[in-house]
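Please look over the model below. A short site-by-site report accompanies it.

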Amino acid sequence: MATEGRAAILEAPGEPAVIRDIVVDAPGPNEVLVKIVASGVCHTDLTVKVLNGNGMAFPIVLGHEGAGYVEQVGEGVTHLKPGDPVVIAYRVPCENCPACRRGDPRHCYMALRPGQRIHRKSDGATCSQVLRCGTFATHTVVHAKAAIKMPEEMPLDKACLIACGVVTGVGATMNTTPVAAGSRVAVIGCGGVGLSVIQGAKLRHARQIIAVDVNPTKLEWARDFGATHTVNAKEVDPVQEVRRLTEDGWDGGVEYAFEATGIPKCTEQAVKMLAYGGTATTIGFPAATDSVNLNLGDMATGVYWNKAALHVCHCGDALPSLDFPLLAQLYLQGKLDLDSMVTRKIRLEDVEDAFHQMETGDVIRSVIEF
Ligand SMILES: NC(=O)c1ccc[n+]([C@@H]2O[C@H](COP(=O)([O-])OP(=O)(O)OC[C@H]3O[C@@H](n4cnc5c(N)ncnc54)[C@H](O)[C@@H]3O)[C@@H](O)[C@H]2O)c1
Ligand SMILES: [Zn+2]
Ligand SMILES: [Zn+2]
């Protein structure tokens, strides 16, 4: 049976997101229909808008940081039932690609996706779903394995953040580039993702966690989440300052630097602030034309002489079925702070304002409540 609802939709390149009525088909085999309760607004939704859909066909239902209740299950779904609380994962292993076949699902090439079930009510146009999710909507259909069951006591307005910002940031420190206890870490960009990297570095017992941002409020929050030092990149050169703060008689530098801005220059900075043999991890979402310029031969900071490595983080290299319940458990045990990350509760109609706040304001995550 089809379900009617509402969604924040990009209808054409260059236009703001608008609220439209939608019709959502019943879930097909191995799919579930989820009634969304809450969705975080991640910078990637804004990037999809700024990049005119980034290759997706219009109309596009935005949103990929959602939680809700299973409302209908499709044929063959046995592990979920209507009423189950779930967080939606955008990257569940396909079980078929070379990485999955060699037993390395964290590096799966492509995620499982649902059929196209969402239509604009006015004309029946089939909608794309950002990252196979489309959570800026009262209802969405996802692959059944992408709906990860939450413990009953987990509040869904916090759980939604696990879906992207939190699993990406924490996962970067646990899976993409496991942070060794006692090491020094720098985090460039302290939004929802970067603050989650800071929380991850703390959980991994980093000795020094240096937060870099251009917004003093973000730096204050970074301290609350576990940063031991802060650097305002508007006031000082972050590379020099991180090296100064880590001066140990060996030119300083951090073992791990994480970029969480989407700005190519920040990835260059991450590489340059490494200690010998360190690893930089780039997380920010690039435009097709973005490139970085990495010096090889500089004796102090060149990639060759400094033996630097560069990793790329996709969704914290997560295995959602394992990692989402783990992150929920860490929250319930008081070891992961999701409460302080929700700085604004908004309505679906306020999505454009949330984008504006993200670019200009002091916000970690705006969470849409339905
Ligand atoms: N790889 C992935 O799987 C993945 C997952 C989620 C988000 N992302 C991407 O990660 C990036 C961060 O996402 P977010 O939701 O945390 O964004 P956000 O907008 O909440 O945070 C970005 C932060 O970067 C800071 N910043 C801006 N310019 C800076 C500079 N020059 N130096 C230091 N800090 C600077 C901003 O003040 C802000 O605090 C985005 O590009 C997003 O698209 C990637
Ligand atoms: Zn795969
Ligand atoms: Zn995201």
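The report covers the metal site, ligand 1, the voids and one helix residue.

This is a predicted model: local features need pLDDT of at least 70, side-chain atom pairs count only at pLDDT 80 or more, and totals for chains, interfaces and linings use all residues. Residues are numbered from 1 along each chain as its sequence is written, chains are lettered from A and ligands numbered from 1 in the order in which they are written, and side-chain values use heavy atoms, without hydrogens or water.

**Zinc site**

Three residues coordinate the zinc ion (ligand 3): Cys42 through SG, His64 through NE2 and Cys164 through SG, at 2.0 to 2.3 Å. Donors are N, O and S atoms within 2.8 Å of the metal (3.2 Å for Na, K and Ca); water is not among the atoms, so sites may look incomplete. Along the chain the donors follow the spacing C-x21-H-x99-C. Cysteine 42 sits in the loop between strand E3 (31-40) and helix H1 (43-50), and histidine 64 in the loop between strand E4 (60-61) and strand E5 (66-73), 22 residues apart. Helices (H or I, at least four residues) and strands (E, at least two) are DSSP runs, numbered from the N terminus.

Are these two donors buried or exposed? Cysteine 42 is buried, at 3% relative accessible area. Histidine 64 is buried too, at 0%. Buried means under 20% relative accessible area, exposed over 50%, and partly exposed in between (1.4 Å probe, protein chains only).

**Ligand 1**

Ligand 1 is surrounded by 30 residues, and the closest are His43, Thr44, Asp213, Cys313 and Cys315. A residue counts as near if one of its heavy atoms lies within 4 Å. Oxygen atoms of ligand 1 take part in the polar contacts tabulated here. A polar contact is a pair of N or O atoms within 3.5 Å; within protein, one must be able to donate a hydrogen and the other to accept it, and residues adjacent in sequence count only if both atoms are side-chain atoms.

| Residue | Atom type | Distance to a ligand 1 oxygen |
|---|---|---|
| Glycine 192 | backbone N or O | 3.2 Å |
| Aspartate 213 | polar side-chain atom | 2.6 Å |
| Lysine 218 | polar side-chain atom | 2.9 Å |

**Cavities and a pocket**

On a 1 Å grid over the protein atoms alone, a cavity is a set of points where a 1.4 Å probe fits but cannot get out; a pocket is an open set with protein on both sides within 12 Å along at least five of seven lines, and lining residues have an atom within 4 Å of a point. Grid points are joined across faces, edges and corners, and a volume is the space filled by probe spheres set on the points.

There are two cavities of 30 Å³ or more. The largest has a volume of about 50 Å³. Its lining includes Glu268, Lys272 and Asn293. The second largest cavity holds about 40 Å³. Among its lining residues are Ile88, Tyr90 and Arg132.

The second largest pocket has a volume of about 150 Å³. It is lined by 13 residues, and Trp250, Asp251, Ala275, Tyr276 and Asn306 are the closest to its centre. Strand E15 (residues 274-282) gives the largest share of this lining, three residues.

**Threonine 360**

Threonine 360 belongs to helix H10 (residues 351-360). Threonine 360 is exposed, at 55% relative accessibility. Its side chain reaches the backbone oxygen of histidine 356 at 2.8 Å.
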